[in-house]
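Colleague: I'm new to this one and would like a close look at a single part. Could you walk me through the salt bridges, one pair after another?

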Amino acid sequence: MMDSRFLDEARELPSKVHASQAGKSGMTPMERIVAWSVFRTRAEAENLVAHVHLAPGQHLIGGHGQDSVAPFWWVGVQVSDLGEWGHSAAINKRGRHGD
């Protein structure tokens with residue numbers, strides 16, 4: 001089973017905003033995170049961690065936070081080289097801010 005201690009870290013959700021657009025939107029992109037999911041319980045996030053299969057050059061990242069509704073936990077995949085992974089427009093997210 002993969003280590004899920006990263007869920008203990010208070011960390012903002014990634015953003016699909018490109019660095020060139022960050023100043024205009026007030027949001028900043030999170031470096032090289034290509035997919036993420038958001039959950040309302042830690043148990044749901046840990047369940048995803050237990051079922052993720054990573055390729056070489058990929059690792060899990062995530063954390064927790066709180067929005068205007070309730071606490072949340074998120075799990076993402078960070079790649080070592082975005083150019084090798086693929087086109088940045090293919091970045092995928094699930095959960096808060098759209099499905």
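Modeller: Here is a tour of the salt bridges, with a short stop at a strand beside one of them.

Before we start, keep in mind that this is a predicted model. Searching the whole structure turns up five salt bridges. The general idea is simple: side chains of opposite charge can pair when their charged atoms come close. I'll take three of the pairs in turn.

Let's begin with Glu9 and Arg11. Their side chains form a salt bridge, with 2.3 Å from N to O. How open to the outside are the two partners? Glu9 is partly exposed, at 37% relative accessibility, and Arg11 is partly exposed too, with a relative accessible area of 24%.

Next come Arg40 and Asp67, whose side chains meet in a salt bridge at 2.9 Å, N to O. This pair ties together distant parts of the chain, as the partners are 27 residues apart. Arg40 sits in the loop between strand S1 (33–39) and helix H2 (42–51), while Asp67 belongs to the loop between strand S2 (58–66) and strand S3 (71–79). Are these partners buried or exposed, or in between? Arg40 has a relative accessible area of 36%, so it counts as partly exposed. Asp67 comes in at 16%, and because buried means under 20%, Asp67 is buried.

Now move on to helix H2, where the side chains of Glu46 and Arg42 make a salt bridge of 2.8 Å, N to O. Why can these two be found about one helical turn from each other? Because they are four residues apart in helix H2. Both are partly exposed: Glu46 has a relative accessible area of 26%, and Arg42 has 25%. There is a further partner here as well, since salt bridges with shared partners join Asp8, Arg42 and Glu46 into one network.

Finally, a word on S1, the strand on one side of the loop that holds Arg40. Six of its seven residues are buried, so S1 is largely enclosed by the rest of the structure. Which strand does S1 pair with? S1 pairs with S3, in the antiparallel sense and over six bridges. To find your place in that pairing, look for Trp36, which stands opposite Gly76 in S3. S3 should sound familiar, as the loop with Asp67 lies between S2 and S3.

Terms used:
Residues are numbered from 1 along each chain as its sequence is written. This is a predicted model: local features need pLDDT of at least 70, side-chain atom pairs count only at pLDDT 80 or more; totals for chains, interfaces and linings use all residues. Side-chain values use heavy atoms; hydrogens and water are left out. A salt bridge is a side-chain nitrogen of Lys or Arg within 4 Å of a carboxyl oxygen of Asp or Glu. Buried means under 20% relative accessible area, exposed over 50%, partly exposed in between (1.4 Å probe, protein chains only). Two strands pair if DSSP finds at least two bridges between them.
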